[in-house]
Every structure is written in structure tokens, then in C-alpha cells.
Amino acid sequence: DDVSYSNPITLNDVFFVNSLEGWVVCDSGIIIHTTNGGQNWEVQSSGVTNRLVGLYFRDELHGWVVGANKTLLKTTDGGQSWDPITIPWSPPSTFYSVIFPVDLNTGFVCGSLGCIAKTTDGGTTWSTENLGNDFYRIEFPLDNLIGWVCGSNEVIYKTIDGAAIEEMNSNQRRDMILASTPNPFRSTTVIKCAYPLDKIQPSKSMTVPADWSAVSLSIRMAS
């Protein structure tokens, strides 16, 4: 059956494992699921009412969802059931992004109030680090070692061993990374950023339409 609500709901993130099957996470703990490319949707019970903002699936069965109030959920049956996972993190953060880049064991979560967390046993135990900023996206395009996390105040951090993190940022502190497409990275990736008008130097390939401009940068990964 199609999903319908009397009041509009906010759809916060989407993830498809193939051309037909995908999930969307929403406010109020809502998860919706399709197996026919979005023609029809079903509601899956998350067991929570928190705002859900990010998700990641390794295959049709194994996935994770993150959200407000340190929400982290895991499914091993395609979302028919969702189990809460606790990350030992004291601040009342929103977890924004989760990824298990190459297998079901090693994964990463980032969120507000400086949170970056890593597991190597499928989420049973976690190590955490506080880097002080709000982090909205974490990416490991090829393996568990080389990754990036980005967020507020134009801060980007990089790791080359899946552990030690190096800050990579410029002197301008007003920009924000909004999104990367596709997620996870492929051979060609588009990174969307928001820049204040007074910090942009227009060129032939860039149009500045208003006070803030969303700029898409197409990056081809070296083979």
C-alpha cells in the first residue's frame, strides 16, 4: 500500500541498494521502504520517535539509521526489525551520518557537538573522539582507512589509517559542506557547498545568484 499522512512529514535522507529497493528516514522516527523503485512504499517500525536524519545499507538486509538524541539503529533483516545500539557518548548529540564502508564489522558515525565514533565489531563496542565541531557527513570511498568528515565552520578532517585525524580547512570559516552525491563516493562525485557571497570570486564557470550560492564541484577519483 502507498504511504500517506494527514500532515506533511520531512524526508531527511534516502538510500537505495539497487535500482528497486530503498529506504527513506524521516522525522518522528518514521522509516519507509520500497521494493519496486519507489512506486509503492511501506512503513517500517523503528521503535523510536526521534528525528531520523541519516542511513546506510551494505546490502538488502544489513543497514543502520542515525538521528536525534544519539539514536543509532541496526537491522539485519531489511528493516523488518530495528535494534537500538548505544554509543558511549555523553553530550546530547544528533548523529547525522553512518557508514560501514567495506564489511559489517568496521563502521563510523559522526554527529553534532564534536562526535566521531568507530566500531570494529559490528557495533558491539565503540571508540569515540571529540573534535569540537558539528559533523554532518562522513565518507570512506575505498576502504576502512582513508576517509573524510565535514561539517560546520568549514572544517574538513581526513584520516589515512581509520584512526588518526588531520584537520584540513582554510582561513575562511563561514562555508558549509551540504552534501556529496552519490553516497558513498563513486568514480565521479559531486560535492555541494554553500558559500557566502562576499567570499566568492566569480569566474566563467561559476554564477553567483544571491547572498548565498550552492556550488556543485564534480570530482573524478584517480584510478
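In what order do the four strands β5, β6, β7 and β8 form their open sheet, and is the pairing parallel or antiparallel? The order is β5-β6-β7-β8, and the pairing is antiparallel. Keep in mind as you look around that this is a predicted model.

Let's stay with that sheet for a moment. Strands β5 (52–57) and β8 (83–84) stand at its edges. Each of these two has a single partner strand, so one side of each is left without a neighbour in the sheet. To see how β8 is held in place in the pairing pattern, look at strand β7, residues 71–75, which runs antiparallel to β8 and is joined to β8 by two bridges. One pair to find on your screen is L73 with its bridge partner in β8, P84. As a general reminder, strands of a sheet pair through backbone hydrogen bonds, either parallel or antiparallel.

Now step back to the whole chain. The chain has 19 strands and zero helices. Of its 223 residues, 43% count as buried. The accessible surface comes to about 11600 Å², and carbon and sulfur atoms account for 51% of that surface. If you take the contacts between residues at least 6 apart in sequence, 35% of them join residues at least 24 apart.

Towards the start of the numbering you will meet another open sheet of four strands, in the order β1-β2-β3-β4 and with antiparallel pairing. Its edge strands are β1 (11–16) and β4 (42–45), each of which pairs on one side only. From one strand to the next, the twist averages 25°. Inside this sheet, β2 (residues 22–26) and β3 (residues 30–34) run antiparallel and are joined by four bridges. A handy landmark here is W23, whose bridge partner in β3 is H33.

Next, follow the chain to strand β11, residues 115–119. Is this strand mostly covered or mostly open? It is mostly covered, since four of its five residues are buried. Strand β11 has antiparallel partners to look at in turn. Four bridges join it to strand β10, residues 107–111, and F108 stands opposite K118 in β11. The hairpin of β10 and β11 has three residues between the strands, and in it L113 takes a positive phi near 60°. Strand β12, residues 127–130, also runs antiparallel to β11 and is joined to it by four bridges. Here A117 stands opposite T128 in β12.

The last stop is the neighbourhood of G147, which lies in strand β14, residues 147–151. Why does G147 count as buried? Its relative accessibility is 2%, and the cut-off for buried is under 20%. Leaving aside residues up to four places away in sequence, G147 touches E139, F140, Y157, K158 and T159. G162 is another residue to locate from here: the two glycines are 15 residues apart in sequence, and their C-alpha atoms are 7.0 Å apart in space.

Just before G147 comes a contrasting residue. I146 sits in the loop between β13 (135–139) and β14, and with a relative accessible area of 35% it is partly exposed. Together with L145 and I160, I146 forms a nonpolar patch on the surface, and the three have about 270 Å² of accessible area together.

Definitions and conventions
Residues numbered from 1 in each chain as written. Predicted model: local features only at pLDDT ≥ 70, side-chain atom pairs only at ≥ 80, totals over all residues. Heavy atoms only, no water. Pairing = 2+ DSSP bridges. Buried < 20%, exposed > 50% of the residue type's maximum accessible area, 1.4 Å probe, protein only. Contact = heavy atoms within 4.5 Å. Patch = residues over 30% accessible without salt bridge, like charges linked within 9 Å, V, L, I, M, F, W, Y side chains within 5 Å. Areas by Shrake-Rupley, 256 points an atom, 1.4 Å probe, with all protein chains shown as cover. Salt bridge = Lys/Arg side-chain N within 4 Å of Asp/Glu carboxyl O. Axes fitted to C-alpha atoms, helices over the stretch in contact; angles between N-to-C directions.
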